[in-house]
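Got the viewer open? Let's take a walk through this model, one selection at a time.

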Amino acid sequence: MRIILFSWEYPPRVVGKLADYVHLLATELVKNRVDTYVVTYHDFLTGAVEEPNGVKIFRVANPVRTHVGILTWVLTLNQEVERAAASIFYQVSKRVDLVDVHDWHFIPAAVTLKNAFGLPFVYSVESLEDHRSPPANTPYSMSIKSIEWLGFYEAQHVCVKSEWMRDEIVRIHNVPSAKITVVKPTTNSWLDNILFMYKSVAGGASSK
Amino acid sequence: MRHELSVMMFSWEFPPRVIGGISPHVYFLSKSLAKNGVKVYVITCDFPDTPTHEVIDGVEVYRVDSYKNPAPDFATWVYLMNLNMQREAAIIVNKIADKIDVFHAHDWLVANACIGLKHIFRKPLLATMHSTEIGRRDGLHTPTERMIHETEAWLTYEAWRVICCSHYMVSHVKWAFGLPEDKLSMVPNGVNTNVYEGISKGSLREFRAKFALPEEKIVLYVGRLVYEKGIHVLINAAPRILENVNAKFLIVGNGYMKDQLLNIARSMRLEHKILFLGFVDEATLVKLQKCADVSVVPSLFEPFGIVALEAMAAKSPVVVSDTGGLSEIIEHDVTGVKVYPNNPESLAWGVTKVLLDENYSRYISENAYKKVREKFDWNRIAEQTMQIYKAVLGEYSKSFWA
């Protein structure tokens, strides 16, 4: 299996808890013989590198430096994420099973790649705009929420870390609960559960 | 039918959605390309009561929901609109099995969508730069303006070739983004002369009477009411013109300067002489251009100046400020009158000269009409554009993307 992880933070760029989680996930996936790529952002450590743990990382910078908010920053950066993902895609003769996008930032890229290549994606939710900026009713929050919604709508599957988060996604975004898998990173079967979910998503794509 | 060449064009405006000059440009360019055997797809923004997909003279037009995501401001709206535009385009390209040879972007408003698609489908991207933020604003003063400027720079960086509509714009774009000379091509803008044919001035007497008294000469301005278009120069020239000629000033278009301009007109006590018509429909505009005794283009910054071409096609004499693309279109005393930019006295002189000397006025408008027919013909422009597509595809065929 070959997958690409999208995350806006990955060590050495650490913003919150997501960076370390995605790093751990990538490392464990490689140990389980999954060919793992990470596309992430860094201001100047750009380009493709393979780390000692076997994870292949493609870091991109924002082509537009001046911004008026997080949204414009994210939306120009997404084109570089697409460039990186497309480079990987063509390099491996289009044999990528799925994209796992962590949080909303790179959902635009995942959505376009899905529609362009038929490449399915999993939306892994670390947090929601409703909880980050309650009551999430400013134009900025509404806009971010609409991108989150697009992610839930277009994703083949949604992965969350708790039952509470699953219920919140059902409540806020009306996502059918059957589309959401709860994988608790604290359990022993954590990685097996993720691999199982990946296989069910990739199964649809590789069978064609 | 098997097409030799297929192009997917992106524009944030396409008729009936008309905001500025890009809409008619993309409309006529795509139609003329289709007539020359090119398969053309146009991806654009939606418009009320207009189909999301239609075929216009062989051009496949797709209109994308541009308000799908709530946006806090205009620039963010543009980028969010690009997200949906890119998604829709990806679906279409996928559906037609990648049968697209080139992507063609019109201005920064579609930069994001096109740049991503270029890398995803690995096809060459061309960009037509109709204008620049640094030119429009005469410098970069706010974060939004800098962001737009950097987005334009990014688009020209990613483009295989950059097309501009005048030699002035080629040099301006080269300076603004530090582009190499061989990346730039000049293809003029065109004008559709057909819409002005078969309308005689005599048949418009009744129409004309709605706007001006028979003894009043009509001075026409068509354009957005914004600083760069220099409309305030014309308003300030009005009293000087009225000293010598009885005229009515018809101002077509809207913009953020409207209230300010109305106040100036009021303070000069010329409300009865300066008529602000707002946005008018195409048919009315054509008739106004036919009625105009002089058409004025007083721009301070003008990448091309399509209104001047339209006036020339309507056989209305033109007075333009000697700047940008206008300097190239008009030959002074031959096809029009050039005046100093941002100079009401000079503009008043030019307008008065045309209005008082009928022989001169007829001479320049007839020359202008001939020039328009031969140089700014859409068919010719489509052929020049195809040459650029073919040159780019020739280079592309030797690259590792091919």
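## Starting at the sheet edge

Select β3(B) along with strand β4 (residues 59–64) of chain B: the two pair in the antiparallel sense, over 4 bridges. Keep in mind as you click around that this is a predicted model. For one rung of that pairing, pick B:Ile56, whose bridge partner in β4(B) is B:Val59.

Now widen the selection to the whole sheet. What is the strand order of this open sheet in chain B? Reading across, you get β3-β4-β2-β1-β5-β6-β7-β8, 8 strands with mixed pairing. The edges are β3 (53–56) and β8 of chain B; each has a single partner strand, so one side of each is left without a neighbour in the sheet. If you look at how the strands sit against one another, neighbours in this sheet are turned by 25 degrees on average, ignoring direction.

## Across to the other edge

Go to β8 of chain B, residues 184–186, and click B:Met186, which lies in that strand. Is B:Met186 buried or exposed? The answer is in between: B:Met186 has 15 other C-beta atoms within 10 Å and is partly exposed, because a residue needs 20 or more to be called buried and 12 or fewer to be called exposed.

Show the contacts of B:Met186, skipping its neighbours within four places in sequence, and you should find B:Cys164, B:Ser166, B:His167 and B:Val170. For a distance check, draw a line from B:Met186 to B:Val286: they are 100 residues apart in sequence, and their C-alpha atoms are 28 Å apart in space.

## The helix over the strands

Next, select α3(B). This helix lies across β1 (6–10), β5 (102–106) and β6 (125–128) of chain B, and runs at about 165 degrees to β5(B). Step into the loop between α3 and β6 of chain B and you meet B:Arg122. Check its backbone: phi of B:Arg122 is near 55 degrees, positive although the residue is not glycine. B:Arg122 counts as partly exposed, with 17 C-beta neighbours inside 10 Å.

While you have backbone angles up, go to the loop between β1 and α1 (22–35) of chain B, where B:Pro16 lies. The peptide bond joining B:Pro15 and B:Pro16 is cis, with omega about 5 degrees.

## Zooming out on chain B

Colour chain B by domain. The assignment gives domain 1 (6–190 + 377–396) and domain 2 (194–375). Their centres, taken over C-alpha atoms, are separated by 30 Å. Where they touch, domain 1 of chain B contributes 15 residues and domain 2 of chain B contributes 14 residues. On the domain 1 side, α4 (133–136) and α6 (167–177) of chain B are the elements that give two or more residues, and α6(B) gives the most, with 3 residues. By class, that side has 4 nonpolar, 8 polar and 3 charged residues.

For the whole chain, count 15 helices and 14 strands. The C-alpha atoms of chain B fill a box of roughly 65 × 45 × 45 Å along the principal axes. Its radius of gyration is 22 Å, which agrees with the value near 21 Å for a compact globule with 402 residues. Buried residues make up 51% of chain B.

## Where the chains meet

Bring chain A into view. The contact between the chains takes 30 residues from chain B and 28 residues from chain A. On the chain B side, the elements giving two or more residues are α2 (74–95), α3 (111–121) and α5 (143–158) of chain B; the largest share, 11 residues, comes from α2(B). Colour that side by class for 16 nonpolar, 9 polar and 5 charged residues.

## Last stops in chain A

Select helix α3 (residues 107–117) of chain A. Here 10 of the 11 residues are buried, so the helix is largely enclosed by the rest of the structure. Right after α3(A) comes A:Gly118, with a positive phi near 70 degrees.

There is a cis peptide bond to find in this chain too: it joins A:Pro11 and A:Pro12, with omega about 10 degrees. A:Pro12 lies in the loop between β1 (2–7) and α1 (18–31) of chain A.

Finish on A:Asn174, in the loop between α6 (163–173) and β8 (180–182) of chain A. Phi of A:Asn174 is near 60 degrees, a positive value in a residue other than glycine. With 10 C-beta neighbours inside 10 Å, A:Asn174 counts as exposed.

Notes: Residues numbered from 1 in each chain as written. Chains lettered and ligands numbered in written order. Predicted model: local features only at pLDDT ≥ 70, side-chain atom pairs only at ≥ 80, totals over all residues. Contact = placed C-beta atoms within 7 Å. Nonpolar A, V, L, I, M, F, W, Y, C, P; charged D, E, K, R; others polar. Pairing = 2+ DSSP bridges. Axes fitted to C-alpha atoms, helices over the stretch in contact; angles between N-to-C directions. Domains from an automatic or database assignment. Rg over C-alpha atoms; globule rule 2.2 N^0.38 Å.
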